[in-house]
Amino acid sequence: MFKEDCLFCKIVAGTIPCNKVYEDEQILAFHDIAPAAPVHVLIIPKKHIDSMNEVTAEDLPLISDIHRVAIELAKQLGVAESGYRLINNCGPDSGQAVQHLHYHLLGGGKLGALTGISDSHA
């Protein structure tokens, strides 16, 4: 499934370039163009899904594969041992900027607080 006006669908289609770190038939991972950490990779399904709220039971194997890829990339990018964060933003209050399901793999240094609301995870 492809959505014409979706930035990430255009990246999957190859009409917008990216710096790929992983690709298979269902998943694409690439470096974020505005990194928030020394290692900042986006992991996306090639199938267009607006957000986690639209994931169906049929999509669950794909979600599992995304997590498998995240683990592999953390090792490949050298952050598995020191620690990393895997984030999925869902909806406007979370800061989801692109309406295509995606995960941020962040690492490579001491990461800050999880949110600006609470310092409970600082």
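**Exercise 1.** Find the partner of Glu23 in a salt bridge, and place both residues in the fold.

*Solution.* Step 1: the side chains of Glu23 and Lys46 form a salt bridge, at 2.8 Å from N to O. The term means a side-chain nitrogen of Lys or Arg within 4 Å of a carboxyl oxygen of Asp or Glu. Step 2: Glu23 sits in strand β1 (residues 20–23), and Lys46 in the loop between β3 (39–45) and α2 (60–76), so the pair ties together parts 23 residues apart in sequence. Helices (H or I, at least four residues) and strands (E, at least two) are DSSP runs, numbered from the N terminus.

This is a predicted model: local features need pLDDT of at least 70, side-chain atom pairs count only at pLDDT 80 or more, and totals for chains, interfaces and linings use all residues. Residues are numbered from 1 along each chain as its sequence is written, and side-chain values use heavy atoms, with hydrogens and water left out.

**Exercise 2.** Lys47 and Asp59 form a salt bridge. Decide whether Asp59 is buried or exposed.

*Solution.* Step 1: the N to O distance is 2.5 Å. Step 2: Asp59 has a relative accessible area of 3%, hence buried. Lys47, at 28%, is partly exposed. Cut-offs for relative accessible area: buried under 20%, exposed over 50%, partly exposed in between (1.4 Å probe, protein chains only).

**Exercise 3.** Trace the network that includes Asp65 and Arg68.

*Solution.* Step 1: Asp65 and Arg68 pair at 3.8 Å, N to O. Step 2: they are three residues apart in helix α2, about one helical turn. Step 3: salt bridges with shared partners join Asp24, Asp65, Arg68 and Glu72 into one network.
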